[in-house]
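User: I have a model open in my viewer and would like to learn how to read its features one by one. Could you walk me through it?

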Amino acid sequence: MKSFRKTTLTISAWIVGLLFISPYIEMLITSLKPKSEITNIPTTYLPKKWEFANFINIWKQIPLATFLKSSIIVSLSATVLVILIAVPAAYYVARNNFRGRNAFMFLVLITQMFSPTALVIGIFREIVSFKLVNTYQALILVYTAFNLAFATWILSSFFASIPMEIEEAAWIDGASRVKTLRKVVLPLALPGLVTATIFTFIAAWNEFVIAFTVEGSPTHQPITVGLDSFIGQYQVQWEYLFAGSLIAIIPVVILFAFIEKWLVTGLTAGSVK
Amino acid sequence: MAINTLNHVKKKPFYQSLPWIGPAIVVIALFVLWPAIEMFTTSFRYVNQAGQIRGWTGISNYQTLFTNSDLPGVLLRTGVWVIGVVLISVLISLPLAQMLHQKFVGRRIVRYCLIVPWAASVVMTAISWRWMLDSYYGIFNRIAQDLGFINQPYAWLGSPNIAFGWLMLVAVFVSVPFTTYVIIAGLSTIPEEILEAAKVDGANDWKRYWEIIFPLLRPALLIGIVINLINVFNSFPVIWAITQGGPGSSTDTTTTMAYKIAFKTSDIGQSASLATLNFLIILVFIGLFLRVNSRNAQKNK
């Protein structure tokens with residue numbers, strides 16, 4: 001009876017797993033079909049001819065390397081800025097009582113409630129008046145601002161959970177505040193730090209609406225927007241669209257899988273506090 | 001978002017905090033508050049099609065907005081969308097988290113599968129659904145025909161209600177991974193002995209789940225639901241990539257409608273008034289939810 005239950009659990013879990021990746025499997029299958037097979041009616045489950053060349057030709061079809069470069073520059077810069085700004089803020093809020101502390105926490109909460117999508121008109125007008133249309137800076141600054149809230153919140157939950165005594169011991173040993181933060185506190189808050197870093201990077205990597213609105217020129221478009229050129233008014237080049245999508249998706253999935261075991265710890269701190 | 005209260009500690013003056021929190025305040029003020037205020041003030045202005053401000057118009061943008069015959073349907077759909085997607089996501093995630101918290105062969109792999117839709121771009125995921133649902137070349141029609149459910153290809157995205165149902169399903173698909181992980185995180189804070197004692201085995205143990213485990217998941221669920229409310233409410237790519245709110249405006253929510261008014265009709269003032277209304281609605285949603293939640297929490301005490 002017990003082993004029967006275990007088998008049922010295992011099999012249903014595997015089915016669930018398969019369900020969640022099935023759209024991406026279909027993406028992969030479509031990206032490996034030759035153009036002529038895409039429009040077969042009814043569609044085939046697998047390609048008759050496996051067209052691996054789609055993954056090579058796409059680099060010539062669109063400036064894919066440029067799109068990837070933009071995505072990497074924007075996402076990395078935003079992530080570094082978020083961590084540099086959120087770590088001190090989160091640490092100070094977790095450790096000190098000061099005038100304006102509640103107001104600051106409220107500001108962070110409000111930011112969490114706004115999404116770039118909800119403010120797209122305001123952001124667009126601001127970017128135009130700052131003359132930042134078609135620049136990396138526009139996206140970097142907007143992504144930094146919107147990801148600060150989550151990072152600050154999750155990091156301060158972590159900092160607050162580290163016993164004060166550990167830090168005091170370091171001070172007695174003569175370490176400065178900043179050094180204590182760097183050498184003692186940050187290593188202990190590593191799961192939170194990793195979670196905040198990866199969340200920011202992925203949010204920036206996948207953002208669509210702002211980039212779509214602000215970046216009109218292919219030279220500064222990230223890949224989410226760049227692939228849009230395969231979607232024409234009447235025709236979609238599905239095989240390239242999905243080959244490109246997979247090229248964009250696979251690195252971040254690997255990144256995310258890498259921190260999977262930290263994810264639970266990272267989210268726990270946020271949810272118990 | 002309640003961080004430990006430090007009320008017993010003496011308050012330091014604000015200026016001392018500036019080296020630490022100053023940069024965060026500057027960036028948030030410039031790129032979150034500024035556009036928010038810009039949006040709010042624009043909603044009381046007349047902006048011409050070239051994007052130039054042509055003076056204040058009082059509440060006329062709002063008056064025009066409320067006479068828009070599409071608005072009631074869009075508002076109703078937004079309500080169905082937010083409540084439906086969040087509720088279904090949570091109802092799927094609760095048993096899923098329970099399942100993935102247990103040990104079985106290949107658990108790590110299944111968990112990796114689950115994070116794929118979370119890590120992947122929502123636009124791209126949505127486009128793959130649009131392709132699978134395509135009336136001519138889509139795999140859904142092929143499978144449904146092979147299984148004998150339908151005799152000929154069906155235009156899944158052709159009729160508004162069915163299309164909207166699919167959009168909600170895709171939105172659930174992309175919200176479930178995050179929600180499940182938040183609940184797994186909640187489960188991991190419950191001591192092993194309690195989980196063991198309340199092991200969900202048969203029909204009778206169902207009751208024990210609701211009485212013992214579910215209340216302990218409350219803090220995790222609270223976070224999961226609030227973040228989901230915000231994300232689902234603002235969810236733009238799912239609808240945009242699959243139907244663009246069409247046919248007509250029959251699958252629009254307030255978010256996609258505001259975008260269309262701004263960038264297709266080029267009526268910025270009008271769009272700003274809808275976006276402002278949008279923010280008020282989300283405030284009400286979150287406020288109501290937190291209120292119901294705190295009332296339930298008190299009842300349980």
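Analyst: Happy to! Let's start in a loop: Pro247(B) sits between helix H11 (237–242) and helix H12 (254–263) of chain B. Please keep in mind that this is a predicted model.

User: Which residue is joined to Pro247(B) by a cis peptide bond?

Analyst: The general idea comes first: most residues other than glycine have a negative phi, and most peptide bonds are trans. Here, the bond between Gly246(B) and Pro247(B) is cis, with omega about -5°. Chain A offers a case too, where Ile41(A) and Pro42(A) are joined by a cis peptide bond with an omega of about -10°. Pro42(A) belongs to the loop between helix H2 (35–38) and helix H3 (54–61) of chain A.

User: You mentioned phi as well. What is the phi of Asn134(A), and where is this residue placed?

Analyst: Asn134(A) is not a glycine, yet its phi is positive, at about 60°. You will find Asn134(A) in the loop between helix H6 (120–129) and helix H7 (136–161) of chain A. On the chain B side, Ser266(B) has a positive phi of about 55°, again without being a glycine. Ser266(B) lies in the loop between H12 and helix H13 (268–300) of chain B.

User: Is Ser266(B) buried or partly exposed?

Analyst: Burial is read from relative accessible area, where buried means under 20% and exposed means over 50%. Ser266(B) has a relative accessibility of 23%, so it counts as partly exposed. Asn134(A), with a relative accessible area of 26%, is partly exposed as well.

User: And how does Asn147(A) count, buried or exposed?

Analyst: Asn147(A) counts as buried because its relative accessibility is 15%. This residue is part of helix H7 of chain A. Its side chain reaches the backbone oxygen of Tyr143(A) at 2.9 Å. Leaving aside residues up to four places away in sequence, Asn147(A) touches Val82(A), Thr200(A) and Ala203(A).

User: Now for the nonpolar residues. Which members of the largest nonpolar core touch the most other members?

Analyst: As background, in soluble globular proteins, nonpolar side chains tend to be buried together. In this model the largest nonpolar core has 196 residues, and Phe159(A) and Trp81(B) touch the most other members. Try selecting the surroundings of Trp81(B): beyond four places in sequence, its contacts include Phe164(B), Leu167(B), Met168(B), Val232(B) and Ile239(B). Ser235(B) and Thr253(B) are also among the residues that Trp81(B) touches.

User: How much area do chain A and chain B bury between them?

Analyst: The size of an interface is often given as the accessible area lost when the parts come together. For chain A and chain B that area is about 9600 Å², with 76% of it on carbon and sulfur atoms. Within the area that chain A buries against chain B, Phe20(A), Asn97(A) and Arg125(A) supply 8%, more than any other three residues. Counted by contact, 104 residues of chain A meet 101 residues of chain B.

User: How many salt bridges and polar contacts are there between the two chains?

Analyst: There are 3 salt bridges between chain A and chain B. One of the salt bridges pairs the side chains of Arg125(A) and Glu38(B), at 3.0 Å from N to O. There are also 18 residue pairs in polar contact between the chains, both residues being at pLDDT 80 or more. Helix H1 (residues 2–31) of chain A gives the largest share of that chain's side touching chain B, with 17 residues. By class, this side of chain A has 66 nonpolar, 26 polar and 12 charged residues.

Conventions:
Residues numbered from 1 in each chain as written. Chains lettered and ligands numbered in written order. Predicted model: local features only at pLDDT ≥ 70, side-chain atom pairs only at ≥ 80, totals over all residues. Heavy atoms only, no water. Contact = heavy atoms within 4.5 Å. Buried area = accessible area lost by both parts, 1.4 Å probe. Salt bridge = Lys/Arg side-chain N within 4 Å of Asp/Glu carboxyl O. Polar contact = N/O pair within 3.5 Å; in protein donor to acceptor, adjacent residues only side chain to side chain. Helix = DSSP H or I, 4+ residues; strand = E, 2+ residues; numbered from the N terminus. Nonpolar A, V, L, I, M, F, W, Y, C, P; charged D, E, K, R; others polar. Buried < 20%, exposed > 50% of the residue type's maximum accessible area, 1.4 Å probe, protein only. Core = buried A, V, L, I, M, F, W, Y, C linked by side-chain atoms within 4.5 Å.
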